[in-house]
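This report introduces a protein model to a reader who meets it for the first time. Please keep the sequence and the structure in view while reading.

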Amino acid sequence: MNLPNKAYMLPDAISNWPPVWWFWPLLALLILAVLCCAYLIRKRYKKSAYKRQAIGILKSEFAKKNPTEQVILCHELIKRCLLSTNNPELASLPMKALLPTLDEACKSQKFSELGDFFCSAPYNPKVETTQEQLETLYITTLHWIRSHHD
């Protein structure tokens with residue numbers, strides 16, 4: 001049986017281009033989703049810039065200062081964070097009145113547990129503070145800056 005070679009020839013393959021009709025809307029949705037995610041990530045990153053700056057200042061400046069200045073630095077950073085989150089009424093409160101609000105934001109570390117030195121040290125330069133109190137103040141302030149909500 002001698003058949004001509006034309007009988008065994010395969011038909012041309014179906015091309016992959018142009019793609020099916022639903023490819024273009026799917027591609028558009030995928031690009032839109034990527035752009036939305038990038039926008040939301042950038043917005044969140046910018047929104048928390050004040051936290052990163054406050055943590056950087058606390059980490060770089062805390063060890064360089066004397067005990068009274070360390071307490072003042074923590075007060076200033078807390079007030080700056082409150083102002084950055086559009087809470088000027090909280091930032092204007094004296095520290096004793098602000099303590100319950102600060103404690104609400106922290107689950108484990110509490111400012112009220114620091115004692116009276118936290119409120120009185122900026123106004124009394126001869127207040128007695130221990131190294132343990134200052135370490136607790138540093139950790140509590142750092143925890144509050146990271147965990148308070150905008």
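Is Cys81 buried or exposed? In this predicted model, Cys81 is buried, with a relative accessible area of 1%.

**Cysteines**

Cys119 is likewise a buried residue, and its relative accessible area is 8%. The structure nevertheless holds zero disulfides. A disulfide is a covalent bond between the sulfur atoms of two cysteines. The cut-off applied to such a pair is a sulfur-to-sulfur distance within 2.5 Å. For Cys81, the closest cysteine sulfur belongs to Cys74 and lies 11 Å away, which is too far for a bond. For Cys119, the closest cysteine sulfur is also that of Cys74, at 12 Å, and this too is too far for a bond.

**Helix α5 and its surroundings**

Helix α5 spans residues 95-105. Which residues of α5 are buried? They are Met95, Leu98, Leu99, Leu102 and Asp103. These residues lie on the same side of α5, because they cover an arc of only 145° around the axis. A general property of helices is relevant here: an α-helix has 3.6 residues a turn, so residues three or four places apart point the same way. The cover over the buried residues of α5 includes α3 (67-84), α4 (88-91), α6 and α7 (131-147).

**The salt bridge**

Helix α5 also takes part in a salt bridge through Lys96. The count of salt bridges comes to one. In this pair, the side chains of Asp116 and Lys96 meet at 3.4 Å, N to O. Asp116 is placed in the loop between α5 and α6 (117-120), whereas Lys96 is in helix α5, so the pair ties together parts that are 20 residues apart in sequence. Asp116 counts as partly exposed, at 48% relative accessibility, while Lys96 counts as exposed, at 56%.

**Backbone features**

Two places in the backbone deserve separate mention. The peptide bond that leads from Trp17 to Pro18 is cis, with omega near 0°. Pro18 belongs to the segment before α1 (23-47). At Asn86, phi is near 60°, a positive value in a residue other than glycine. Asn86 is found in the loop between α3 and α4, and this residue is exposed.

**Accessibility of selected residues**

| Residue | Relative accessible area | Class |
|---|---|---|
| Cys81 | 1% | buried |
| Cys119 | 8% | buried |
| Asp116 | 48% | partly exposed |
| Lys96 | 56% | exposed |
| Asn86 | 64% | exposed |

Note on methods:
Residues numbered from 1 in each chain as written. Predicted model: local features only at pLDDT ≥ 70, side-chain atom pairs only at ≥ 80, totals over all residues. Heavy atoms only, no water. Salt bridge = Lys/Arg side-chain N within 4 Å of Asp/Glu carboxyl O. Helix = DSSP H or I, 4+ residues; strand = E, 2+ residues; numbered from the N terminus. Buried < 20%, exposed > 50% of the residue type's maximum accessible area, 1.4 Å probe, protein only. Arc of directions from axis to C-beta. Contact = heavy atoms within 4.5 Å.
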